[in-house]
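New to this one? Here's a quick briefing to read with the model open beside you.

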Amino acid sequence: FQSPQRPFVRTEMDSAVESTRDYSRGQGYFDAALEGPHYDFTEDRSRVDVRVRVNEGVPYRVLGMEIQGNPPAETVKDLESLRHSTVGQSYTSRTQLVTRARVSEILGQRGFPDAEVGVAVRSESSRGAVTLVVDIAAGPPITIAGIEVRGNQRTQPEFIRERLRLKPGDRYDRALEKASFDALYRAGVFSKVEIGLEQTDAQDRRMLVVTVEEMPSQEVFFEPGYGSYEQLRLVVGYRLKNLLGTGRSWSSEVLGAVKAQGASSTLTDPWFLGSDVRADLTGFLRRREEPSFTRRDAGGTFFLSKELDRGLTVSSGLTFRRTDLSDSAAVIEEEDLRDNYNFASIKAQITYDTRNDIFFPTTGQRTFGAAERADTLLGGDVTLLRLTGGIRWFLPVARTTVLGLRYRTGLIIPGEDEFTVPLAERFFNGGENTVRSFKESELGPRDSNGDPAGGLAY
């Protein structure tokens with residue numbers, strides 16, 4: 001209804017009354033009747049009071065469910081479970097439709113996609129009692145005779161077949177059809193997916209037909225910008241989203257900025273060795289002028305990740321790079337003379353993400369914890385244990401306002417017989433990616449010349 005102090009619009013009020021009647025019936029009050037609206041205007045007709053009388057009547061409930069026809073023996077248990085969950089519930093305008101859909105789903109999951117289901121209603125309006133009469137014509141059980149793929153131009157048919165949960169010779173299962181549909185969409189290379197059954201010469205056998213529409217597979221992107229520290233910057237890149245029709249992707253990009261340059265290339269396999277584990281292989285070249293030194297890195301990473309549950313992801317991988325430092329502060333160099341070294345590590349991380357949007361979240365949180373071990377046994381020159389973790393938490397505090405909280409922490413433990421770590425491996429705080437009220441790397445320890453020296457914890 002219209003709230004006080006709003007302009008009065010008669011058509012809106014009449015519509016609100018109708019919506020109230022529909023709502024009552026949707027909650028099981030099928031005999032609901034509304035008297036009104038009645039309008040009482042003031043003498044100058046500047047204000048109006050609206051009166052509506054609601055007579056709900058008795059609430060309707062499902063007091064019984066009868067199953068008729070020829071329900072297959074393998075569906076009896078599920079139908080009985082549906083009966084128990086339905087009887088005693090409120091009978092609404094959607095109950096009949098929902099019951100028909102649920103019975104059809106049960107039959108479809110047991111291999112009867114051609115089943116015809118009817119739901120009739122017997123009611124006693126005096127006490128609001130409803131009995132659902134479900135009539136089932138199951139038809140023959142259906143077996144998948146074969147799989148036909150249509151619409152693919154670049155994608156290999158075998159890639160599509162591998163995503164399907166139904167195989168030739170299987171009894172049809174509607175739940176597995178839906179799982180196949182979801183798996184093909186998650187592949188990220190199709191804009192449209194349709195899965196259906198087509199008749200064959202045999203009455204109890206069907207062809208499973210998968211029709212897809214592919215998304216554009218190539219992308220060239222340009223990202224110009226300005227950073228408070230790197231200043232003018234430009235990223236140019238290329239992505240191939242369906243490499244050789246296998247669903248794998250390859251991307252490369254080049255960065256040019258006043259204080260940073262770099263290039264990287266990544267090959268991604270979302271189904272590493274036929275599993276649901278994602279693999280990322282990356283090679284990179286980077287140069288960056290930090291406030292107290294300049295670093296050059298060349299190397300690569302290989303990471304595996306797997307989503308265990310909704311929002312919960314674990315990952316692990318290897319890193320190997322060659323790091324060369326120059327223009328370092330002399331006092332810092334005396335602490336650790338390794339300005340040029342090989343760095344090799346193994347890392348494990350767990351992430352829990354419940355944000356409703358990764359770019360503009362209004363609710364949820366993202367929490368992570370990681371442990372990285374660098375060791376000479378892996379082929380590097382540095383030994384250390386680096387622990388990091390953090391949380392980002394988003395709370396809606398008003399209709400258009402969200403409070404975002406962030407906490408991050410880290411600790412580096414030098415390896416045996418070592419008392420410090422190379423300058424480039426330390427933590428630096430301050431700047432656009434950490435604490436923005438400080439300039440780049442200026443929140444933390446400094447040397448005797450006032451240059452940022454980094455730390456082993458934050």
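What follows is a short tour of a sheet, a pocket and one serine.

Keep in mind that this is a predicted model. The tour starts with an open sheet of 11 strands, moves on to the largest pocket, with about 2100 Å³ of space, and ends at S180 in helix 5.

**The sheet**
- The strands of this open sheet run in the order 9-10-11-12-13-14-15-16-17-18-19, and their pairing is antiparallel.
- At the edges you'll find strand 9 (218-227) and strand 19 (401-414), each of which pairs on one side only.
- Going from one strand to the next, the twist averages 15°.
- For a look at one pairing, take strand 14 (residues 294-309) and strand 15 (residues 312-326), which are joined in the antiparallel sense over 15 bridges.
- Across from K306 you'll see V314 of strand 15.

**The largest pocket**
- A total of 50 residues line the largest pocket.
- Nearest its centre lie R286, E290, R295, R408 and N433.
- Strand 13 (residues 278-289) gives the most to this lining, contributing 6 residues.

**A look at S180**
- S180 sits in helix 5, which covers residues 174-186.
- Is S180 buried or exposed? It counts as buried because its relative accessibility is 2%, and buried means under 20%.
- A polar atom of the S180 side chain lies 2.7 Å from the backbone nitrogen of R165.
- Leaving aside residues up to four places away in sequence, S180 touches R163, L164, R165, L166 and I195.
- R165 therefore turns up twice for S180: in that list of touching residues and at the 2.7 Å spacing from its backbone nitrogen.

Terms used
Residues are numbered from 1 along each chain as its sequence is written. This is a predicted model: local features need pLDDT of at least 70, side-chain atom pairs count only at pLDDT 80 or more; totals for chains, interfaces and linings use all residues. Side-chain values use heavy atoms; hydrogens and water are left out. Helices (H or I, at least four residues) and strands (E, at least two) are DSSP runs, numbered from the N terminus. Buried means under 20% relative accessible area, exposed over 50%, partly exposed in between (1.4 Å probe, protein chains only). A polar contact is a pair of N or O atoms within 3.5 Å; within protein, one must be able to donate a hydrogen and the other to accept it, and residues adjacent in sequence count only if both atoms are side-chain atoms. Contact means heavy atoms within 4.5 Å. Two strands pair if DSSP finds at least two bridges between them. Axes are lines fitted to C-alpha atoms, for helices over the stretch in contact, and angles run from 0 to 180 degrees between N-to-C directions. On a 1 Å grid over the protein atoms alone, a cavity is a set of points where a 1.4 Å probe fits but cannot get out, and a pocket is an open set with protein on both sides within 12 Å along at least five of seven lines; lining residues have an atom within 4 Å of a point. Grid points are joined across faces, edges and corners, and a volume is the space filled by probe spheres set on the points.
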